[in-house]
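Student: Hey, can we look through this one together? I'd like to start with one helix and go from there.

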Amino acid sequence: MKAPRRNTDRRLDFSTIDRRMALAFGLLILGLMLAVSLAIGWYVRTAAEREQNRLVTLTTQLLSDAVGRVSFSGQYQVQLLLDKIAREQSGIAYVRLIDTQGRIVADSHPLPNARTHLPSREFARLAPLLQAGAVPQIRLQTLEDGQPVREVSLAYRGGFNNEFQGIMQVGISGARQDTAMRDDLFYVAGLLGALLLAGILATLAVSRHFGRPVRQLAANMADQRHRLGEILDALGAGTWEWNLATNQVQVNQEWARISGYLGDAAQPITKENIQDQCHPDDVALFQHALDAHLSGQAAGYLCEYRILHPDGQTVWVLDSGQIVQRDDQGRPVRMAGARFDITDRRRAEQEFHQESERFRALAKASGTGVWEWDANTGHLWCSPEYFSMLGRDPADYADLPQQNLNAAWKALLHPDDRARATRSFSEYLASDLTSLYENEFRLAHADGSWIWVWSRGSTLRDAEGRPTSRTIGTHINVDALKQTENRLRESQERLQLISNNIPNCMVFQVDCGPSGASRRYTYVSEGVETLHGVQAAAVLQDPDLIRRQLNPADQAMIEAHERQCLENLDTFKVEVRATLPDGRQHWSLIVSSPRRLSNGHLVFDGIELDVTARKLREQEIERLNSSLEQRVQERTKTLRATLDRLRHTQDELLQSEKLASLGALVAGVSHELNTPIGNAVTVASTLVDTHRRFRRQTETGLTRSALAGYLEDVEEGGRIIERNLSRAAELIGSFKQLAADQASDQRRAFDLHSVVDEVIMAMQPAVRKTPIQLTSDVPPGLMMDSYPGPLGQVLMNLINNALIHAFEGRQSGNILLDLDLAKPAGSIVLIVQDDGCGIPEANLKRIFDPFFSTRLNQGGSGLGLHITHTLVTGLLGGRIRVDSTPQKGTRFTLTLPLRAPASPRHRPAR
């Protein structure tokens with residue numbers, strides 16, 4: 001709440017009003033007389049000086065002409081002429097001639113120190129006089145004796161060509177004029193003193209006579225000032241006064257409150273303080289408005305800007321003011337004005353602007369045209385969207401008179417809609433104007449088509465609620481809606497036609513009201529006559545006609561389903577029995593789904609199908625099924641036994657494959673061990689023969705050379721036997737581990753590189769019989785916790801499959817075991833690829849199927865890749881993928897976890 005204004009006005013003290021008024025008027029009269037006298041004296045002196053300057057200039061010009069003519073007689077004659085002029089004219093202080101080089105040719109009163117040349121600075125000032133058309137120079141000088149002199153300088157001409165001969169300076173004494181002016185001023189001052197005394201006495205007498213009215217006038221002025229302060233308080237205006245000379249601003253308390261000053265409002269502040277308080281974005285605006293008024297571009301100062309309070313609050317203010325005092329040169333001296341807090345108004349304007357922008361943006365985004373019609377003036381206004389929605393340029397209609405714009409609207413109407421549209425709007429204007437104007441018509445589009453427009457509007461009302469002459473509304477393009485309505489109507493007609501022609505079927509819609517308590521048919525197809533033997537119109541009038549035909553138990557079931565479905569809006573499907581009016585029994589399948597309409601009502605959309613024939617067949621089938629149940633049970637037992645046999649056969653086949661792998665392993669072992677053991681046997685037999693020869697030599701006589709040869713042969717043979725037996729032991733250990741792994745599903749930690757090497761070693765006997773190269777790029781050090789036996793069997797199956805199928809009819813080939821380094825986290829990607837003939841695309845999807853082989857009649861079982869797929873995806877817990885390109889090779893990609901999942905047979909019991 002605003003604090004009440006303090007009344008700081010004081011009543012004037014009139015105890016000495018008469019004397020003060022007399023003194024004030026006397027001083028005023030004295031000041032006026034002094035001003036008038038000084039003005040008259042200044043004017044007279046100026047006029048005299050102006051006339052004197054004119055006469056001096058004229059005299060000097062005449063003198064310069066005379067000097068120019070005499071200059072032919074020589075410097076001496078010129079000097080005589082100057083001396084004569086100085087003697088005969090007492091008012092001339094000196095006459096001086098200066099040539100074009102600054103040398104003093106002649107001088108009636110020589111300069112001090114007998115100078116013959118002017119100073120360079122002095123001559124530079126006079127040099128412009130030597131140019132054609134130069135104006136004489138006049139200046140005031142003071143001689144050595146203190147005498148004031150008016151010096152006139154001008155150029156003079158002479159000679160045959162009348163050229164510049166030099167510069168002549170004439171000094172004219174002003175002592176007499178100054179003395180006369182001073183005497184006049186003394187006389188005027190005495191006269192003014194007498195007039196002042198008379199004025200003071202007269203004013204004292206008048207003030208005594210008229211003192212009471214003056215006191216009353218002063219009291220009235222004080223009252224008016226008090227009322228003015230109250231008015232300013234009521235307006236919330238803060239007043240200010242700016243002295244441009246001292247740059248101080250005097251403000252009142254309200255101005256200080258608006259501006260956020262907490263100190264004494266009477267304390268002067270400066271214009272810079274006010275500018276510093278401006279919002280940074282508004283400083284230029286404030287300065288521009290102030291400069292515009294100070295420079296005379298604006299009649300007054302008016303500016304709206306933001307100021308920042310010391311507490312950080314931003315306040316909008318309106319500053320207005322005007323220059324109230326200027327100096328003699330017309331420059332502003334004092335400004336006064338007021339400040340208003342317009343924060344609330346600016347906020348309201350900003351909100352209005354935002355709402356207006358939002359409305360324009362909404363109209364533009366939605367393509368809605370806005371129009372306004374004034375019935376009194378026939379003025380029609382349309383927004384740009386009004387025309388752009390018709391594909392037309394709003395600029396084409398910008399210069400049209402409003403009556404022509406109304407005619408343009410009528411011209412855009414469809415011929416079939418023109419009379420109806422204009423009549424509808426006229427009837428609305430002729431009504432009580434309390435309802436909403438709505439109409440639909442077609443307007444011409446720029447592309448030649450017609451679009452449907454929905455026009456809505458209402459008449460504006462004045463402050464008292466009475467209708468005005470202005471009606472405002474919108475035009476919305478509803479062409480798409482009209483097309484949708486037409487398509488919807490056509491769709492409804494087609495749907496109704498289809499629903500009426502579906503045999504043994506009834507399509508319906510039931511309105512259950514807002515709460516779902518009531519039941520009323522809003523649509524029933526003509527199929528109700530076939531299903532229930534009643535007319536569709538009768539069902540629409542009485543919905544119980546159908547419900548009364550239902551079996552009581554089925555009717556209760558339907559009601560329960562409907563209640564439950566209305567709660568969750570779920571679809572329900574039931575089969576019910578009904579007794580038709582002719583006594584026949586009838587089975588129906590009812591499928592219905594609830595939904596809520598825009599008006600809040602719950603409706604069921606559904607279809608009822610005649611399933612009597614199907615129900616009769618089901619009953620017959622049920623009787624047949626009762627007799628077939630025993631046969632099905634017997635057949636089930638037979639199938640279960642067959643399935644057990646198949647599973648047993650599959651296990652036997654899997655074991656056979658394992659045994660086949662072990663057979664290949666045994667063949668590899670025998671082949672690999674043959675060489676080192678054979679070498680060891682040969683060396684051993686050689687050592688036996690050597691020993692026999694040595695024994696015979698010892699019996700006949702042993703020589704040193706024979707002993708040395710024997711020892712050398714034994715040492716070398718022992719080394720060969722040791723090396724071959726170590727190789728055999730190493731091979732036996734590897735084959736033993738591989739055989740143990742393949743013979744069981746033992747889980748252990750192993751190095752993948754070692755398992756791959758063991759597989760390659762086992763496959764070497766089979767590989768050596770072919771021109772195929774088997775290599776591995778699997779690096780060492782990759783540890784896995786898995787099943788090495790099944791993994792080795794998988795690799796052997798893939799290598800053996802490549803040896804059998806990939807290189808048929810080829811003289812060379814390569815099989816590579818590699819590791820993809822870009823593996824997923826926690827797994828490896830092992831690749832077995834060849835550069836053989838590839839797999840046909842038709843077989844790619846079947847290669848992992850059991851018993852699928854392209855060599856079934858040539859010794860192939862068709863289980864190798866099936867077992868591989870089973871081991872990889874089952875026990876090893878991975879994935880296998882095959883990619884093949886004909887004539888370029890096949891690539892098997894195995895993605896295996898580093899830690900295999902627990903096998904069902906190894907999982908701990910719970």
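Student: Okay, what do the buried residues of α8 pack against?

Tutor: Keep in mind that this is a predicted model. In it, the buried residues of α8 pack against β6, α7, β9, β10 and β11.

Student: And which residues of α8 are the buried ones?

Tutor: They are F286, Q287, A289, L290, A292 and H293.

Student: How far does α8 reach from its first C-alpha to its last?

Tutor: It reaches 17 Å with 12 residues, close to the 16 Å expected. Just after α8, G296 takes a positive phi of about 90°.

Student: New topic, holes! How many cavities of 30 Å³ or more does the structure hold?

Tutor: Just 1. About 130 Å³ of space lies in it.

Student: Which elements each supply at least two residues of its lining?

Tutor: α8 turns up again, along with β6, α7 and β11. Among the lining residues are F286 and L290, which are also buried residues of α8.

Student: What's the lining like by class?

Tutor: It has 9 nonpolar and 3 charged residues, with no polar ones. K271, D319 and R339 are part of that lining, and so are W240, W242 and W255.

Student: Switching again: how many residues are in the largest nonpolar core?

Tutor: That core has 46 residues, and L752, I815, F892 and L894 have the most contacts inside it. The largest share, 8 residues, comes from α21.

Student: What does L752 touch?

Tutor: Leaving out residues up to four places away in sequence, L752 touches V778, L782, M784, L791, L819 and I828.

Technical notes. Residues are numbered from 1 along each chain as its sequence is written. This is a predicted model: local features need pLDDT of at least 70, side-chain atom pairs count only at pLDDT 80 or more; totals for chains, interfaces and linings use all residues. Side-chain values use heavy atoms; hydrogens and water are left out. On a 1 Å grid over the protein atoms alone, a cavity is a set of points where a 1.4 Å probe fits but cannot get out, and a pocket is an open set with protein on both sides within 12 Å along at least five of seven lines; lining residues have an atom within 4 Å of a point. Grid points are joined across faces, edges and corners, and a volume is the space filled by probe spheres set on the points. Helices (H or I, at least four residues) and strands (E, at least two) are DSSP runs, numbered from the N terminus. Ala, Val, Leu, Ile, Met, Phe, Trp, Tyr, Cys and Pro count as nonpolar, Asp, Glu, Lys and Arg as charged, and the others, Gly among them, as polar. The expected span of a helix is 1.5 Å times one less than its number of residues. Buried means under 20% relative accessible area, exposed over 50%, partly exposed in between (1.4 Å probe, protein chains only). Contact means heavy atoms within 4.5 Å. A nonpolar core is a set of buried Ala, Val, Leu, Ile, Met, Phe, Trp, Tyr and Cys residues joined through side-chain atoms within 4.5 Å.
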